Amino acid sequence: MVGPSTALVPAQLGLGIDTWSLILITLSIVLYFGIAVVMHVGDTDDFYVAGRTIPAWANGTAVAADWMSAASFISLAGLVSFLGYDGTVYLMGWTGGYVVLALLIAPYLRKYGEYTIPDFIGDRYYSNTARGVAALATLFVSLTYIAGQMRGVGIVLSRFLGVDINLGIIVALGLVALIGVLGGMKAITWTQAAQYFILIFAFVLVTVAISLNLTGNPFPQGALVTSDIAERLGQLQADIGAGEYFLPFQEYSQIQVFAIAMTLMLGTAGLPHVIMRFYTVPSASDARRSAGFALLFISILYLCAPVLAVFAKFNLISTLNGASVAEAQAIPWVSRWSETGLLTIQDLNNDGVIQMAGGLGAAGSEVVVDADIIVLSTPEVAGLAPIVIGLVAAGGLAAALSTADGLLIAMSSAVSHDIYYKIFNPEASERQRLLIARVVVIVAAAVAAYLGINPPGFVGEVVAIAFGLAAASLFPVILLGIFDPRMNREGAITGILVGLVFTLVMVVLMTSDSIFGTADPILPTFLGLEAQGIGLVGTILNFVVAFAVSRVTPPPPEEIQNLVEDIRLPQGSRTGSETATDGGEVQADGGEVRTDGGADLATAARDARTDPPNRDETN
């Protein structure tokens, strides 16, 4: 029944939820725009990699915000609420991927230098074709990812500001594009740092407040263990026939859990907009440290998310199940969320009482809740103060915008730097390159707006698909490029294309009902896997094809093979006591070794590409 927790406490300063939301969202947007104005840039080094001057701690916060997108802030707790134990696979996959990134990818790519992932792939595989294919993969991954962020933006603005979802997406992307155009990576880095503190404060505050409200314990993780809230939720689930919340493999099979976890892990280590962040620090050792900071900052939210999921589902079921339809529809938060179309209450049997048979969105349930509103609605359901609810709205917007910032820069860099400058116009001036980069930001924002208005699923689902594309296309050739000197351009190009095309085609077939409006997906599963886990198959195909093709085609030039060995040397690129490099070889001289901010190894790669053996100049 509707309990006292649904009655909102008096608004601070006499202001209501909508007013506090407007104030806090407006203040946060002014802050982001102010940072962009102060940090405006005028050269490509600042635009692409923030001049490689970002401290490790600051880059850690920016990485955390860049990666903790709307999927983490808005959708993760919703996934766990809906899926129960099986939903924790997203926790394991996304956080586990950062361990892979920190140990196997980030420090080596920072030591190599350059600006982007296609840059590394193009030079490492001595081929502009490889560079172009990697840039294409970057665009596919980034556009899929940003669609999920824009849906999150639309949900926040439509509910808390009363703005039409489509208009909200356009306005938000306009802001993100403006920040990117003005300040490039430099402004985005410090904007993301600010956004991290906003989103994490909001998320932790809400979790602590609800924990105190439900259990009397302000420590959420402790409350979940020491109180009977888990048992009470289990009983509520049983009462409505929704299955056992804490029992594994109820929603996903074991193979699906494994595939989704691995896809998310490997995808994390192949995300272009995240990896680019590690080029912004002064050295390879700073890249490793910033990955550690990022994992620490990310863990704060991820330790709270499953607890908040339990609290949210308990509040929703206990508030609505068994209540009269009229009574429920009169609750302010129910009325507001119903207006967005993301919450629906229907009296299917006309008895005037709500029965949540089967769960929050089951076919027989008289309450249908979109998974993406679980976190955003929870403060209202729990009866928290309007200022707290407004803060959650600002935090959700910060989470979506921070990742959108990074994605736009990744797409801009792929087109302006890797395709336009490196392939079509190597003589382009810095002014021309900056102009193209800024134009691409605007164009990419327009495409992202369309995808946000027409997303192929809810936020967490869309983002999981983006991780699958990253895992299947970029991760294998990055890893092999670092650890396999025999890996050549033919293997890399073939591997990327096979992994990307296979995964993209499978995702389209598996989500055809959302993309094309078909009644059912053309291909619901493949080998027992759904769209969120199909990236693992694409990744395996990429590895196998790339490795096999590289063994039956000419090896890379000797200079490239030597370069690969140099990348793995346990030395950094920090300015200090060092000797210069020669042809990419790094030698210590009584101190930490430097490669000119990480750029000498990249220079060596370009020198090796000038006239390497076995190279077709048209490639």
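**A first walk through the model**

1. Let us start at one residue: L296 has a relative accessible area of 47%, so it counts as partly exposed, since only values over 50% are called exposed. Keep in mind throughout that this is a predicted model. L296 sits in helix α13, which covers residues 284-320.

2. L296 also has company at the surface. Together with W57, F197 and F293 it makes up a nonpolar patch there. The four side chains' residues share about 400 Å² of accessible area.

3. Now for the overall picture. The protein contains 25 helices and two strands. Of its 619 residues, 59% are buried. The accessible surface amounts to about 21100 Å², and carbon and sulfur atoms account for 64% of that.

4. It is worth looking at how the chain meets itself. If you take the contacts between residues at least 6 apart in sequence, 81% of them link residues at least 24 apart.

5. Moving inside, you will find that the largest nonpolar core holds 195 residues. The residues with the most contacts inside this core are W67, F73, Y90, W94, I105, I121 and I478. Helix α13 supplies the largest share of the core, 19 residues. This is the helix that also carries L296.

6. W94 is a good residue to click on next. Setting aside residues up to four places away in sequence, W94 touches W67, A71, L76, L264, T268, Y302, V463 and F467. Of these partners, W67 is also on the list of residues with the most contacts inside the core.

7. Which residues does G452 touch, beyond those up to four places away in sequence? They are A147, M150, R151 and I169. G452 belongs to helix α18, residues 430-453. Its relative accessibility is 5%, so G452 is buried, the cut-off being under 20%. The C-alpha atoms of G452 and G148 are 6.6 Å apart, although 304 residues separate the two along the chain.

8. Finally, please have a look at D46, in helix α2 (residues 44-49). D46 is buried but has no salt bridge. The nearest side chain of opposite charge belongs to K186, at 4.4 Å. That distance does not qualify because a salt bridge needs the charged atoms within 4 Å. K186 is nonetheless among the contacts of D46, along with V41, G51 and M185, when neighbours within four places in sequence are left aside.

Technical notes. Residues are numbered from 1 along each chain as its sequence is written. This is a predicted model: local features need pLDDT of at least 70, side-chain atom pairs count only at pLDDT 80 or more; totals for chains, interfaces and linings use all residues. Side-chain values use heavy atoms; hydrogens and water are left out. Helices (H or I, at least four residues) and strands (E, at least two) are DSSP runs, numbered from the N terminus. Buried means under 20% relative accessible area, exposed over 50%, partly exposed in between (1.4 Å probe, protein chains only). Lys and Arg count as positive and Asp and Glu as negative; His and the chain ends are not counted. Contact means heavy atoms within 4.5 Å. Patches are made of residues with over 30% relative accessible area and no salt bridge: like charges are joined within 9 Å, nonpolar side chains (Val, Leu, Ile, Met, Phe, Trp, Tyr) within 5 Å. Accessible areas come from the Shrake-Rupley method with a 1.4 Å probe; for residues, only the protein chains shown count as cover. A nonpolar core is a set of buried Ala, Val, Leu, Ile, Met, Phe, Trp, Tyr and Cys residues joined through side-chain atoms within 4.5 Å.
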